Amino acid sequence: MLLKEYRICMPLTVDEYKIGQLYMISKHSHEQSDRGEGVEVVQNEPFEDPHHGNGQFTEKRVYLNSKLPSWARAVVPKIFYVTEKAWNYYPYTITEYTCSFLPKFSIHIETKYEDNKGSNDSIFDNEAKDLEREVCFIDIACDEIPERYYKESEDPKHFKSEKTGRGQLREGWRENHQPIMCSYKLVTVKFEVWGLQTRVEQFVHKVVRDILLIGHRQAFAWVDEWYDMTMDEVREFERATQEATNKKIGIFPPAISISSIPLLPSSVRSAPSSAPSTPLSTDAPEFLSVPKDRPRKKSAPETLTLPDPEKKATLNLPGMHPSDKPCRPKSE
């Protein structure tokens, strides 16, 4: 497995972002969806946890075949989706990504929000104190994003909010800007398949980082759209947008079934009490298993005797006696 901790600061407060993150997720999902691909909302309802209290549970299917690299598209079904399950107990959330087609693949994200500039080095001591991890700061103003996702209107270096007066962030803005908050995200990517593990886990972390950067830039760039919303209003926006997104994708039967699988074995991490725990398949898909050594089959005879032009035009093939006559259809 590959574990990283991402820290993304924004010129907002944790209380403000409670509305902003719901608005951003719904609008971003709708924008990134098209017929056959995107984010389909399967379930979205209130959820109560004995430890974390009241929250919201969502289940989504993320269809993304065309967004996979070519080496991955070659081995997955044409209709391919990842199941996302999220438990939102803001300012603490748990998100899991699994795929029944790849039972040894999983992403586990724990998020905590605090009003600081990413300076809390012990925020995940209860979850991963003894686990080695890389800490990665993401700067929404100065870090580069893939060119195809760039919009000047969503660039914090150019955008300035009319309602809050915040924006046009410059290099080093995190040191002195007020207000400021940080999204701390502990991301575990796991793909235990020999020969592919490192490549897949590194690729997934790159994708996760790009998504976090783009999403947090949009959350701030859209602040004037959601800043005056109440929780009831953003929930209604969420419901209406989800219906529109599902229609945009189109309704078709899934090619594979949904399954809930644990993200990490209990010997490595104790999962939060809110996360479900079901058995994990130990067998890799057949196409990912290492082939056994086997003798190479011969698809053609070693030698071929060409006809002698002085004799009858016949081919002497291995296993056929010269006197053997070729088979002919029976005459009626």
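## The protein overall

Of the 332 residues in this protein, 45% are buried (buried means under 20% relative accessible area, exposed over 50%, and partly exposed in between, with a 1.4 Å probe and protein chains only). What you're looking at is a predicted model, in which local features need pLDDT of at least 70, side-chain atom pairs count only at pLDDT 80 or more, and totals for chains, interfaces and linings use all residues. Residues are numbered from 1 along each chain as its sequence is written, and side-chain values use heavy atoms, with hydrogens and water left out.

The protein has seven helices and eight strands (DSSP runs numbered from the N terminus, where helices are H or I with at least four residues and strands are E with at least two). Take the contacts with a separation of 6 or more: 72% of them come from residues 24 or more positions apart (contact means heavy atoms within 4.5 Å). On the outside, the protein exposes about 19,600 Å², and carbon and sulfur atoms supply 51% of that (areas come from the Shrake-Rupley method with a 1.4 Å probe; for residues, only the protein chains shown count as cover).

## Helix 1 alongside helix 7

Two packed helices are described by the angle between their axes and the distance between the axes. For helix 1 (residues 14-31) and helix 7 (residues 231-249), the axes come within 9 Å and cross at roughly 15 degrees. Here axes are lines fitted to C-alpha atoms, for helices over the stretch in contact, and angles run from 0 to 180 degrees between N-to-C directions. Helix 1 and helix 7 are therefore roughly parallel to each other (angles under 35 degrees count as roughly parallel, over 145 as roughly antiparallel, 65 to 115 as roughly perpendicular and the rest as oblique). Their crossing is left-handed, a term for the near helix being turned anticlockwise from the far one by less than a right angle, with right-handed used if clockwise.

Who meets whom? On the helix 1 side, the residues are Lys18, Ile19, Leu22, Tyr23, Ser26, Lys27, Ser29, His30 and Glu31. Helix 7 brings Met231, Val234, Arg235, Phe237, Glu238, Thr241, Ala244, Thr245 and Lys248. By class, this contact of helix 1 with helix 7 divides into seven nonpolar, five polar and six charged residues (Ala, Val, Leu, Ile, Met, Phe, Trp, Tyr, Cys and Pro count as nonpolar, Asp, Glu, Lys and Arg as charged, and the others, Gly among them, as polar).

## Helix 1 across helix 5

Helix 1 also packs with helix 5 (residues 197-221): their axes come within 9 Å and cross at roughly 115 degrees. This crossing is right-handed. Tyr17, Met24, His28 and Glu31 of helix 1 make the contact with Ile214, Gly215, His216, Gln218 and Ala219 of helix 5. Sorted by class, the contact of helix 1 with helix 5 holds four nonpolar, four polar and one charged residues.

## Two buried residues

Just past helix 1, Ser33 sits in the loop that leads to strand 2 (38-49). Ser33 counts as buried because its relative accessibility is 3%. Leaving out residues up to four places away in sequence, Ser33 touches Gly38, Val39, Thr245, Lys248 and Ile249. The C-alpha atoms of Ser33 and Lys247 are separated by 9.9 Å, with the two positions 214 residues apart along the chain.

Val187 belongs to strand 8 (residues 181-191) and, at 0% relative accessibility, counts as buried. Its contacts, with residues up to four places away not counted, are Leu2, Leu3, Lys4, Tyr6, Ile107, His108, Ile109, His205 and Val208. Val187 and His205 are 18 residues apart along the chain, and their C-alpha atoms are separated by 8.3 Å.

## Loops and backbone oddities

Most residues other than glycine have a negative phi, and most peptide bonds are trans. The bond from Tyr90 to Pro91 is cis, with omega near 15 degrees, and Pro91 is in the loop between strand 4 (81-89) and strand 5 (92-98). Gln178 and Pro179 are also joined by a cis peptide bond, with omega about -5 degrees; Pro179 is in the loop between helix 4 (173-176) and strand 8. Gln168 is not a glycine, yet has a positive phi of about 50 degrees. You'll find Gln168 in the loop between strand 7 (134-138) and helix 4, partly exposed at 40% relative accessible area.

Tyr227, in the loop between helix 6 (223-226) and helix 7, is partly exposed at 28%. Beyond residues up to four places away in sequence, Tyr227 touches Glu16, Lys163, Thr164 and Arg166. Tyr227 and Thr164 are 63 residues apart in sequence and 8.5 Å apart in space, C-alpha to C-alpha.
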